Amino acid sequence: MATYIRGLNLYFRAMSIFKHHRGFSTMYQEGNLTLGLYFPIEAYTGAVPVMDVAQQIRTARLAESQGFAALYFRDVLLNVPSFGDVGHIYDAWTFMGYMAAHTSRIALATGSIITTLRHPLHVAKSAASIDRLSNQRLVLGLATGDRPEEFPAFNQDMTNREGLFQEALAVMRQTWRSDFPAISTLRVHMSGADLLPKPLLGTIPVMVTGNSRQSVKWIAEHGDGWLFYPQNLIQQAATIQKWRSMTEKFKPFSQSLYVDLSENPDESPSPIHLGFRAGRNFLTRYLTDLKDIGVNHVGLNLKYSRRPAHEVVQELGEYVVPNFPAHDTAE
């Protein structure tokens with residue numbers, strides 16, 4: 001019991017010190033909104049992007065210099081044609097490490113690591129390694145996975161996603177905060193061994209993605225924040241109100257948004273998949289509305305852009321990001 005209470009105390013203490021975590025504090029501040037970009041930072045048709053890595057680095061560095069708060073890495077393990085989207089092709093951890101070495105301040109966010117198809121100890125070690133090597137810039141989004149074809153490929157039962165997700169989060173937190181923990185779960189039987197490195201804070205900020213087959217109450221209790229999907233403003237406001245009613249202290253609310261930025265700054269919005277096409281003036285007003293209802297961060301995806309992504313990032317950085325800049329953190 002004493003060990004259990006000590007673990008809880010360490011966890012809740014960590015919640016209060018995320019203000020000292022560079023990635024979290026760059027992205028999140030109560031009452032404010034920041035912007036991020038999803039890889040591939042590229043406009044393309046079909047499922048597979050070009051992924052010119054040198055260009056991805058140039059655009060990522062441009063985003064960092066212009067005040068974007070985060071770069072998002074996706075964990076798409078297999079090409080499933082029915083989904084029409086393979087993400088940034090490269091393994092999430094490998095690509096994140098590469099981009100971490102080419103940037104210095106911007107947060108590295110996952111949107112999201114699939115806990116059901118990766119062993120919890122592998123995820124815990126990879127996350128702690130990235131967090132240490134990047135100077136605490138990792139904000140760890142986790143998800144259950146939703147591509148049915150992937151589960152038999154990894155010999156996993158898709159119907160057990162709820163339990164596998166809970167197991168993974170519990171194992172990661174225990175290995176991060178404890179030395180030589182004794183763990184016995186469905187996938188982990190650990191005794192007489194330890195996982196290194198440890199995060200400097202004894203934990204890493206974890207954002208639960210969507211519902212991950214959990215209740216909102218469970219997410220509010222166990223997550224450090226919520227990474228959700230775009231909805232109309234009324235629905236999103238209701239979702240955030242419910243979220244805030246279940247969180248005693250500030251836990252950020254993030255969402256994704258697909259944007260096709262028009263060359264005409266005054267163009268009115270027209271819908272695209274999970275977002276809209278519009279000029280920068282409407283986009284700025286819309287983001288302000290999101291801020292007003294309590295959204296703390298928006299990750300932008302430029303897949304459906306009709307313009308080169310680098311050009312769009314340049315315009316966003318000049319005209320939109322100054323209204324929602326990354327928060328300053330100590331070096």
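**Exercise 1. Place Ile-89 in the fold, then work out whether Ile-89 is buried, partly exposed or exposed.**

Ile-89 sits in the loop that runs between β2 (70-73) and α4 (92-101). Keep in mind that we're working with a predicted model. Next, look at the backbone: phi of Ile-89 is positive, about 70°, even though the residue is not a glycine. Finally, take the relative accessibility, which is 43%. Buried would need under 20% and exposed over 50%, so Ile-89 counts as partly exposed.

**Exercise 2. Do the exposure check for Asn-155, and say what its phi looks like.**

Start with the location: Asn-155 belongs to the loop between α6 (150-153) and α7 (161-177). Phi here is near 55°, again a positive value in a residue other than glycine. The relative accessible area comes to 69%. Since the cut-off for exposed is over 50%, Asn-155 is exposed.

**Exercise 3. Find out what surrounds Ser-134.**

Step one is the address: the loop between α5 (120-133) and β5 (138-143). Step two is burial: with 3% relative accessibility, Ser-134 counts as buried because the limit is under 20%. Step three is the polar side: a polar atom of the Ser-134 side chain lies 3.5 Å from the backbone oxygen of Asp-131. Step four, skip the neighbours within four places in sequence, and you're left with contacts to Ala-100 and Leu-108.

**Exercise 4. Track down two cis peptide bonds and their loops.**

One joins Phe-39 and Pro-40, with omega about -5°. Pro-40 is in the loop between β1 (34-38) and α3 (53-65). Another cis bond goes from Leu-196 to Pro-197, and omega there is near 0°. For Pro-197, the loop is the one between β7 (189-190) and β8 (206-209).

**Exercise 5. Describe the largest pocket: volume, lining and chemistry.**

The volume is about 760 Å³. Counting the lining gives 33 residues, and those nearest the centre are Arg-74, Gly-111, Asp-146, Arg-147 and Tyr-229. The elements giving two or more residues to this lining are β9 (225-228) and β10 (253-261). Sorted by class, you get twelve nonpolar, twelve polar and nine charged residues.

**Exercise 6. Test the chain against the compact-globule rule.**

For 331 residues, the rule predicts a radius of gyration near 20 Å; the chain has 19 Å, so the two agree. The C-alpha box along the principal axes is roughly 60 × 40 × 35 Å. As for burial, 56% of the residues count as buried.

Key:
Residues are numbered from 1 along each chain as its sequence is written. This is a predicted model: local features need pLDDT of at least 70, side-chain atom pairs count only at pLDDT 80 or more; totals for chains, interfaces and linings use all residues. Side-chain values use heavy atoms; hydrogens and water are left out. Helices (H or I, at least four residues) and strands (E, at least two) are DSSP runs, numbered from the N terminus. Buried means under 20% relative accessible area, exposed over 50%, partly exposed in between (1.4 Å probe, protein chains only). A polar contact is a pair of N or O atoms within 3.5 Å; within protein, one must be able to donate a hydrogen and the other to accept it, and residues adjacent in sequence count only if both atoms are side-chain atoms. Contact means heavy atoms within 4.5 Å. On a 1 Å grid over the protein atoms alone, a cavity is a set of points where a 1.4 Å probe fits but cannot get out, and a pocket is an open set with protein on both sides within 12 Å along at least five of seven lines; lining residues have an atom within 4 Å of a point. Grid points are joined across faces, edges and corners, and a volume is the space filled by probe spheres set on the points. Ala, Val, Leu, Ile, Met, Phe, Trp, Tyr, Cys and Pro count as nonpolar, Asp, Glu, Lys and Arg as charged, and the others, Gly among them, as polar. The radius of gyration is taken over C-alpha atoms; the globule rule is 2.2 Å times the number of residues to the power 0.38.
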